[in-house]
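Open the model in your viewer, show it as a cartoon, and keep the selection box handy. We will go from stop to stop, and at each one you will hear what to pick and what is there.

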Amino acid sequence: MSKLKEQVAEIIYNAVKESGYQISEIYLDKPKDEKFGDLSSNAAMTLAREFKLPPRKIAEEIISKIKTDDGFITKAEIAGAGFINFFLSDNCYKDELKNILSEGKNYGRSSVHSGQSANLEWVSANPTGPLHTGHGRQLCLGKAIANLLEWTGYKVTREYYYNDAGNQMNNLALSVRARYMQIFQKDFPFPEDGYVGDYVKIIAENIFAVYSDKMKDSADLDFFRKEGEKYTFDLIKKTLTGLGINHDIFFNESSLYENSEIEKTLEAFKSKGLSYEKDGAVWLKMDEEKGFQKDKVLVKSSGEPTYRLPDIAYHIDKIKRGYDLIIDIFGSDHGDTYKEVLYGVNALGYDSDKIKVIIHQMVTFKMGTESVKMSKRSDNVYYLEDLINDIGADAMQFFYVMRGANSHLDFDISLAKDKSEKNPVYYIQYAHARICGILRNAGEVFPSYAETDLTELNTEIISSPEEMKLLKILSDFPDEVISSAKTFEPHKIITYLNSVAENFHRFYHNNRVIDAENKELSISRIHICLAVKQILKNGFDIIGISAPERMY
RNA sequence: GCGCCCGUAGCUCAAUCGGAUAGAGCAACAGCCUUCUAAGCUGUAGGUUAGUGGUUCGAUUCCACUCGGGCGUACCA
């Protein structure tokens, strides 16, 4: 809770107590409509149910205990079914303006989770090809969520689960070898489910450039696998670092084999009687009462584990590392499988309470009204690098994060690409650029503004409705960060930034900032601009987009 | 069939533990540039929150059912 909220909550709490009631927690909402004040509490309605009294009567009792003459709360009134609405003095917000300016890039950071650690694992694409637009949503969501967690005090470990074994990698090896062989023999057969992307041909050409025909007819699939893995993983990492995403840990799945954790996990299932053998495979018994319909295979009859077994071992490993919060991000196509993994983790006696799985819905790409079809088979794949080249990294991240994860996302490429007022990302960035323009102007007219002592800043002069509305919105930022972080929903930050931009643009049109005739007013308005700029920048940092100084 | 998610303005989406008159952008219509960036602002229009019932002071939100869509329902990940 922000300081303002805390103070009001404290006042209500005491008033409730004085009135002879008891309440465990005070909820304060910011009403949608300004006429209902700055903060609103439903405490009286909650108590009404408990004490079987009319809510308005309780509200009256509470309100009579609240002081409104100390310059903090200017008015407290009962409205509607029994809401208690509080009107705060303008000075509260003017003081907050100074806080924003003095805390600067740290304004909005909180310590609600300080001392706690979080692990976020996401992207985790297999090194079989470049990242494509299907990876984009979780990539951008994860980046923003990791930042949000840090803003609320978590020490965050960013992790990538790296799977360099299994079917898909074999498939890559066969594909690379086929392309390599086709250099010598045009009709060399390409594997049925091979990777048809052009990058495979490039890998083959690179091999040819170094080894010439030495690997011709070689049965050494391992060689082709490693060449393919190295090249594709470099592509993946290049995309990630280009977006400012730097994982702290690349957890290699094969390490779970090397330290026998896979084996131990399998043994644990066996010894607890949770698995059995059938048709040459090892099956995990699933609990029907927990909604599972049938048993699942842990080890295939080929002797190779399915993804489940290492995944369970991996999650146990993460639990053992002692994080306070463990987050996985998956697309909805994995919506069932994570439940199986958690079931396995629990069945072995580990507590999965700290694991939070974020499932996001699928993304549909459109060019205007026309939907963009993708298919791996025909290499009709829209790679993330191409999307970035087409619309820019900022627009891409903005669009991916702009909606709640649980909503299906319609990604309109032509809109994102549009360098016009239609594009929502520019609306917000433009507010920042516009402020930078004003500040350039300020630097010429009142070059001394930068040396203003905040304690000397005249805030009395701030009075227009647009100014006050803007200050109120700005002071919401810390709460917005906390609430977005709490529910892991970075789109709330975008919704909020949009309202900041909207109120700034309105302020701009109605309040001339630089007025050579009125230095005092200009200086205070310049500081409002500085605060807006700071909030926008802090929000952009969380989402991970840039704060442009100019947009022409 | 079963499981998860979703259904809100013409389109894409918001809506703070269940709160007050359900909000933005795009599209449409009407205005605003000798003044700090018009990538902007102002106004108009647009809704039985898919439907039916239930829970209560109050339901877009919770419950049940129906209809419609997405994703799963592999010895792929």
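The tour begins with the whole chain and then visits its sheets and some of its helices.

**The whole chain**

Please remember throughout that this is a predicted model. Select chain A: its C-alpha trace spans about 90 × 60 × 40 Å along the principal axes. Colour by secondary structure and you will have 20 helices and 15 strands to explore. Switch on the surface next; the accessible area of chain A is about 26700 Å², with 47% of that belonging to carbon and sulfur atoms. Of the 552 residues, 51% count as buried. Among contacts between residues at least 6 apart in sequence, 72% link residues at least 24 apart.

**Stop one: the five-stranded sheet**

Select residues 117–121, 155–162, 249–252, 325–331 and 355–360, which are S5, S6, S7, S11 and S12. Which order do the strands take? Reading across this open sheet, you meet S7-S6-S5-S11-S12, and the pairing is parallel. The edges are S7 and S12, each of them pairing on one side only. From one strand to the next, the twist averages 25 degrees.

Zoom in on S11 and S12, which are joined in the parallel sense by six bridges. Show side chains here and find Ile 329, with Ile 358 of S12 standing opposite. Now add residues 308–320, helix H11. H11 lies across S5, S6, S7, S11 and S12, and runs at about 160 degrees to S6.

**Stop two: the four-stranded sheet**

A second open sheet has four strands in the order S1-S2-S4-S3, and its pairing is antiparallel. Select 28–29 and 73–79 to pick out the edge strands S1 and S3, which each pair on one side only. Add residues 83–88 for S4, the antiparallel partner of S3 over six bridges.

Where is the bridge partner of Ile 73? Look in S4 at Leu 88. Further along, Glu 77 faces Asn 85 of S4. Follow the backbone round the hairpin of S3 and S4, where three residues sit between the strands; Gly 80 has a positive phi there, near 55 degrees.

Before leaving S3 and S4, select residues 55–63, helix H3. This helix packs on the sheet and touches S3 and S4, its direction making about 165 degrees with that of S3.

**Stop three: a pair of helices**

Next, select residues 384–391 and 393–401, helices H13 and H14. Their axes come within 7 Å and cross at roughly 110 degrees, so the two helices are roughly perpendicular to each other. Show side chains to see the contact: H13 brings Leu 384, Leu 387, Ile 388 and Ile 391, while H14 brings Ala 393, Ala 395, Met 396 and Tyr 400. How many of these contact residues are nonpolar, polar or charged? Eight are nonpolar, none polar and none charged.

**Last stop: helix H18**

Finish by selecting residues 477–487, helix H18. Its buried residues are Phe 477, Pro 478, Asp 479, Val 481, Ser 484 and Ala 485. What covers them? Light up H1 (3–18), H5 (133–151), H17 (465–475), H19 (491–510) and H20 (519–543), which are included in that cover. Then step just past the end of H18 to Phe 488, which has a positive phi near 55 degrees.

Conventions. Residues numbered from 1 in each chain as written. Chains lettered and ligands numbered in written order. Predicted model: local features only at pLDDT ≥ 70, side-chain atom pairs only at ≥ 80, totals over all residues. Heavy atoms only, no water. Pairing = 2+ DSSP bridges. Contact = heavy atoms within 4.5 Å. Axes fitted to C-alpha atoms, helices over the stretch in contact; angles between N-to-C directions. Parallel < 35°, antiparallel > 145°, perpendicular 65-115°, else oblique. Nonpolar A, V, L, I, M, F, W, Y, C, P; charged D, E, K, R; others polar. Buried < 20%, exposed > 50% of the residue type's maximum accessible area, 1.4 Å probe, protein only. Areas by Shrake-Rupley, 256 points an atom, 1.4 Å probe, with all protein chains shown as cover.
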